[in-house]
Amino acid sequence: MRSKSLLPIVLAMGVLSALGCDHSKEQVQAQSQTSPAVAETPKPMLNFPPDSGPLPTFNGDRAMQYVKEIVKFGPRPLSSPNHKKVEDYLDSHLKGDDVEDDVFTAETNVGKFPVHNIVAKYPGTKDGIIVIASHYDTNYPLRKTSYVGANDGGSSSALLLELANQLRGKTREGYSIWLVWDDAEEAMKPDTEVDFMSDSLYGITHLAEKWQADGTLKKIKAFILADMIGDADLEIDRDSNSAGWLQDVVFEAATRMGYQSHFFGRTLAMEDDHLPFVKRGVPCIDLIDFTYGYNNVFWHTPQDTVDKLSPKSLEIVGSVILETIRILGKMEPLPPK
Ligand SMILES: [Zn+2]
């Protein structure tokens, strides 16, 4: 993924600090919003269902164990043996579930690559689908380094595995939940060389096109993306490309859990897996913490390792997602797309 607004700031800060100038702090503060209630566009008033019933539970320790197991395979760029091992690892956890494999060949800037999206489907009582997605590949340009993407791709893929444990084998009130492990999200070339949007998101774009063609897209009520959500210092950003009303639902869910201080302290424009669905009119939210270490220093570096992550962060995001889908299942009607 990439943030349109943060990258120039980071670059500017690099230049400023090189010049010995101390304006960098002001630059960041100018980008920050301290009030989570601030929104960019007017939103419809939402009627939340009463805050009743037991709050969801999510096993952060088990999700953390999954992160460690994914990372242990090593770097998992497209077409690598490690990538195949992680595909098999994900499949092994979904045995007996209703799984759709979306396999195709992507034509990229650096050649043709096999791509494998994995979709696990858990039925609900209501007509309609909520998609929860995470990419699982690691950055291709970093394939010859020790980069394992513990937070970037690892944490959210593990989160979805634990969500599957929570959803499996239950008759659940609300919409069907489809978990998507999308592939080939990362750019094939550094975005300093090739525009990110023309060189990434291969798997999720294919899925959006496929579901548009077969009519599935019309049934999707919401698309929730998780990315870089394992950072021990958890600060989920407000993404200005996401649907404002869906952010309000997530914030309501976070507030019910007492986790609201981890959400939406800053606004960024994220270019991430959700965009092919945003473009097709599906309400989307990108749950991403794009401050991974000071100034996001660990992002796309070999220092993106499990020691920076926390089971508590996985528990916070996992349980807030579960409460979000519970609220969405009880909201009548959902705001128009
Ligand atoms: Zn990445």
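How many of the 18 residues of helix 5 are buried? The count is 15, so helix 5 is mostly covered, where buried means that 20 or more other C-beta atoms lie within 10 Å of a residue's own. Keep in mind while browsing these views that this is a predicted model.

**View 1. Helix 5, end to end.** Helix 5 runs over residues 150-167. Here's a quick check you can follow: at 1.5 Å a residue, its 18 residues should span 26 Å, and the end C-alpha atoms sit 24 Å apart, which agrees. Look just after helix 5 and you'll meet Gly 169, which takes a positive phi of about 70°.

**View 2. Val 278 and its contacts.** Val 278 belongs to helix 8, which covers residues 275-278. Why does Val 278 count as buried? Because it has 20 C-beta neighbours inside 10 Å. Leaving aside residues up to four places away in sequence, Val 278 touches Asn 241 and Cys 284. Asn 241 is 37 residues away along the chain, yet 7.7 Å separates the C-alpha atoms of Asn 241 and Val 278.

**View 3. Strand 10, covered on both faces.** Cys 284 turns up again here, on one side of strand 10 with Asp 286 and Ile 288. Ile 285 and Leu 287 take the other side, and the residues on both faces are all buried. That fits the tally for strand 10 (residues 284-288): five of its five residues are buried.

**View 4. Strand 10 meets strand 6.** Strand 6, residues 220-227, pairs with strand 10 in the parallel sense over five bridges. To spot one of the partnerships, find Phe 223: its bridge partner in strand 10 is Cys 284.

Key. Residues numbered from 1 in each chain as written. Predicted model: local features only at pLDDT ≥ 70, side-chain atom pairs only at ≥ 80, totals over all residues. Helix = DSSP H or I, 4+ residues; strand = E, 2+ residues; numbered from the N terminus. Expected span 1.5 Å × (residues − 1). Buried ≥ 20, exposed ≤ 12 C-beta atoms within 10 Å, placed from the backbone. Contact = placed C-beta atoms within 7 Å. Pairing = 2+ DSSP bridges.
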